[in-house]
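Look first at how the aromatic rings are arranged, and then at how one helix is placed. The paragraphs below take these in turn.

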Amino acid sequence: MSEKLLEVKNVNVKYVTDLETVHAVNDISFELNRGETIGIVGETGAGKTTTALTIMGLLPERVSKVQGEVIFQGKDLLKTPEEEMQKVRGEKIAMIFQDPMTSLNPVITVGDQIAEALELHNVDQLKDKAIQKRVDEVLTMVGIPPQRKIEFPHQFSGGMKQRVIIAIALACEPDLLIADEPTTALDVTIQAQVINMIRDLRDRHGTAMIMITHDLGIVAQTCDKVAVMYAGELIETGTVEDIFENPDHHPYTVGLFGSIPDIHSKATRLNPIPGLMPDPTELPPGCNFADRCPHKMSICETVPPKAFHFGTHSISCHLFAEKDSTRKEVI
Ligand code: SF4
């Protein structure tokens with residue numbers, strides 16, 4: 001049986017200021033086994049990055065209120081003191097941020113930035129020479145000649161900078177890698193290269209991964225499980241087969257599939273989902289997708305849909321109330 005690595009249980013995140021309360025993440029739960037990859041998909045503002053920052057313990061302290069549990073290797077990270085979290089970050093859980101242009105320190109060479117991560121989490125008690133050897137190894141692993149370690153970030157292209165970020169993230173061989181839209185800021189021409197590289201490295205090291213993206217193509221290529229996020233909720237979850245092969249879907253997921261350009265279609269316009277996500281400071285009393293949903297019923301305006309489970313597949317939508325099965329397997 002696969003070993004459970006991460007359990008996110010009923011997590012809620014609010015950003016509270018004097019003026020308003022933003023309901024960023026609303027009661028989400030999912031699990032991840034060692035070596036598995038889950039894709040969290042959704043449009044901008046759905047709560048994907050807040051979910052990642054919650055796991056990393058990097059939410060802005062003064063304004064964020066978090067409830068629930070994030071159990072990683074048996075320990076609740078939400079109750080772990082900051083001092084201990086500093087050891088978890090980088091060593092056990094690493095994150096690749098969205099924008100490689102702003103994630104690196106411009107006045108430190110890339111080699112020193114990778115070495116810094118190794119020195120901070122020096123679990124193997126490596127000495128200087130061994131650290132430099134490891135820097136050379138990780139640079140080679142991400143396809144950068146080790147001689148370039150003495151160069152500064154501005155001497156690298158966007159794609160190469162993202163490779164450096166990946167090298168830093170993988171330097172300490174973390175058990176969990178969170179990739180937050182790792183290719184969004186990159187040219188289309190190198191997106192595929194970076195995704196293939198992350199996938200190869202993950203397979204080689206058996207690292208579990210949370211892939212945050214709005215691109216269903218990336219999910220199909222890299223993930224074992226999928227969670228579709230909308231207005232801070234996981235509205236559909238399942239295995240990659242549940243999402244890509246099963247014809248039953250939440251209307252939002254149907255909309256996501258419908259807005260993918262089809263090279264074989266003669267359509268002259270794309271088919272976007274009309275409307276916008278609800279204001280997170282004022283979520284509607286019923287279904288969050290009601291204003292944009294072509295199947296809206298009167299119950300949808302007033303009653304929030306619960307999750308209906310079909311084996312490993314779960315959909316939060318009143319349309320599935322009749323098809324509901326009693327069998328529940330958490331993905
Ligand atoms: Fe549409 Fe109602 Fe389902 Fe929401 S619950 S997605 S409004 S049918």
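In this predicted model, the count of aromatic pairs comes to five. One of them joins Phe244 and Phe257, whose rings meet edge-to-face, 5.5 Å centre to centre with 85° between the planes. This pair links distant parts of the chain, since Phe244 belongs to helix α9 (residues 240-245) and Phe257 to helix α10 (residues 251-258), 13 residues apart. Phe244 has a relative accessibility of 31% and counts as partly exposed; Phe257, at 25%, is also classed as partly exposed.

A second contact involves Tyr252 and Phe289. Their ring centres are 5.4 Å apart and the planes stand at 70°, so this pair is edge-to-face. Tyr252 lies in helix α10 and Phe289 in the loop between α10 and α11 (298-302), so the pair ties together parts 37 residues apart in sequence. Tyr252 is buried, with a relative accessible area of 0%, and Phe289 is buried at 3%. Together with Tyr230, Tyr252 and Phe289 form one aromatic cluster.

A ring also takes part in a contact with a charge: the charged end of Arg148 sits over the ring of Phe156, 4.3 Å from its centre.

Turn now to helix α7. Its 18 residues (188-205) should span 26 Å at 1.5 Å a residue, and the end C-alpha atoms are 27 Å apart, which agrees. The buried residues of α7 are Ile190, Val194, Ile195, Met197, Ile198, Leu201 and Arg202. They cover an arc of only 160° around the axis, which puts them on the same side of α7. The face turned away from this buried side carries the exposed residues Val188, Thr189, Asp203 and Arg204. After α7 comes Gly206, with a positive phi near 65°.

Key. Residues are numbered from 1 along each chain as its sequence is written. This is a predicted model: local features need pLDDT of at least 70, side-chain atom pairs count only at pLDDT 80 or more; totals for chains, interfaces and linings use all residues. Side-chain values use heavy atoms; hydrogens and water are left out. Helices (H or I, at least four residues) and strands (E, at least two) are DSSP runs, numbered from the N terminus. The expected span of a helix is 1.5 Å times one less than its number of residues. Buried means under 20% relative accessible area, exposed over 50%, partly exposed in between (1.4 Å probe, protein chains only). The arc is that of the directions from the helix axis to the C-beta atoms. Rings of Phe, Tyr and Trp (its six-membered ring) pair if their centres lie within 6.5 Å; planes under 30 degrees apart count as stacked, over 60 as edge-to-face and the rest as tilted. A charge sits over a ring if NZ of Lys or CZ of Arg is within 6 Å of the ring centre and within 35 degrees of the ring normal.
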